[in-house]
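Me: Please take a close look with me at one spot in this structure, and then at whatever helps to put it in context. I would enjoy a connected account.

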Amino acid sequence: MKRISILGSTGSIGKQTLDVVRQHKDKFEVIAISANSSVDLLLEQIIEFRPKYVAVYNESSALKLKSMIPVNINIEVFSGMEGLKIISSLDEIDVLLTAIVGMIGLVPTLEAIKKGKDIALANKETLVCAGDLVMREAKKHNVSILPVDSEHSAIFQCLNGEQNKEIEKIILTASGGPFRGKSKNDLLNVTKNQALKHPNWSMGRKISIDSSTLMNKGLEVIEAKWLFGVGQEQIDVVVHPQSIIHSMVQFIDSSVIAQLGCPDMRLPIQYALSYPDRVECDFERLDLAKVATLTFEEPDLNTFPCLKLAYESLKMGGTYSAVLNSANEVLVNEFLEDKIGFYDIPYYIEKTLEVHNSISNPTLEEILEIDKWTREYLERR
């Protein structure tokens, strides 16, 4: 039985992870869970899964949760970043599933790696901001980074038994989001509600907006470089609106291996938790005759400049990717609060990148300082 800790158990990925556990209680045990402030849902999860530890990032919400827990449930409650670090590096756990959104996931993930815990990674920002540092630490401590994103899980599965030197190209598929086929003029005045309506996947608000701008695919390009040890020129993106092929690998002999399945995040979550084994499940089976048609398109970088900015940040190296990520976090939040328009997101990301003084081979402290600088710069704009 694998013992797991979940960062972000009340979010979309966290809830789907608990659904996987619910189906396989003989294989997985939840030792710890965390949330930012959603104490009502957190309490429901505590009552059902009986973890030994819980962390609530918001300290006042942690106090509220303590007062709500029934007296017959014995659980330790932690708060703040220190709480996240504690439940990420517990002696009792085998795997940390990090489904928390944003830069907040970086520090506890590194803490878990240093304690030798395998990482089931759904937090894009960890590798986007600190890919070199994280992968070096994982190698040093003999830790596996198991991708949970459907695209990276697909690549991980395609590479099972293969050698990295035989990779010619990694092909990340993108659904195209809710605005596929639209022109820039069509999107000048789109609202957050329109941007949140993803055609295929059920995701959190921030990731849904990233999908609508194609920034999610840009962040995945950066992740893929670090996860699979390939060059930027070896990573392509293709729009595949049916979301059936989750990604592909082209090899030096011209063979292309793809991983297919119905669009259900529980599959990559389960694979990351059960790896190297596969376990039975009741997820929907793929019926290719019913799907009938699979189509592919080039991404439109003029309409969706965030993807282009991600490629440029990766090419420039240093801390440019960290700035890209932090700026995107700030601006997506402002868009969700109706403070800025859709195209203000790439506009201000580009402006922030232009004034940034990059640092090569940054330390954790320097990455955190860059994150702080980016947020302060955008506040002053």
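Where in the chain is the place of Leu214, in terms of the helices on either side?

Reply: Happy to. This is a predicted model, in which local features need pLDDT of at least 70 and side-chain atom pairs count only at pLDDT 80 or more, while totals for chains, interfaces and linings use all residues. Residues are numbered from 1 along each chain as its sequence is written, and side-chain values use heavy atoms, with hydrogens and water left out.

Leu214 lies in the loop between helix H9 (205–213) and helix H10 (215–228); helices here are DSSP runs of H or I with at least four residues, and strands are E runs of at least two, numbered from the N terminus. Its phi is positive, near 70 degrees, although Leu214 is not glycine. Most residues other than glycine have a negative phi, and most peptide bonds are trans. With 3% relative accessibility, Leu214 counts as buried (under 20% relative accessible area; exposed is over 50%, partly exposed in between, with a 1.4 Å probe and protein chains only).

Ala292 makes a good companion to Leu214. Phi of Ala292 is also positive and near 70 degrees, but at 61% relative accessibility Ala292 counts as exposed. The loop that holds Ala292 runs between H12 and helix H13 (305–316). On the other side of helix H12 (288–291), the loop that follows helix H11 (266–274) contains Pro276. Tyr275 and Pro276 are joined by a cis peptide bond, with omega about 10 degrees.

Another positive phi comes just after helix H2: that of Arg50, near 50 degrees. H2 itself (residues 39–49) has Val39, Leu42, Leu43, Gln45, Ile46 and Phe49 as its buried residues. These lie on the same side of H2, because they cover an arc of only 160 degrees around the axis, taken from the directions from the helix axis to the C-beta atoms. An α-helix has 3.6 residues a turn, so residues three or four places apart point the same way. The buried side of H2 packs against helix H1 (12–23), strand E2 (28–35), strand E3 (53–56) and helix H3 (59–68), where contact means heavy atoms within 4.5 Å.

Finally, the wider interior: the largest nonpolar core has 82 residues, of which Ile170, Leu324, Ile345 and Ile349 touch the most other members. Such a core is a set of buried Ala, Val, Leu, Ile, Met, Phe, Trp, Tyr and Cys residues joined through side-chain atoms within 4.5 Å. Helix H14 (residues 320–336) gives the most to this core, with 10 residues.
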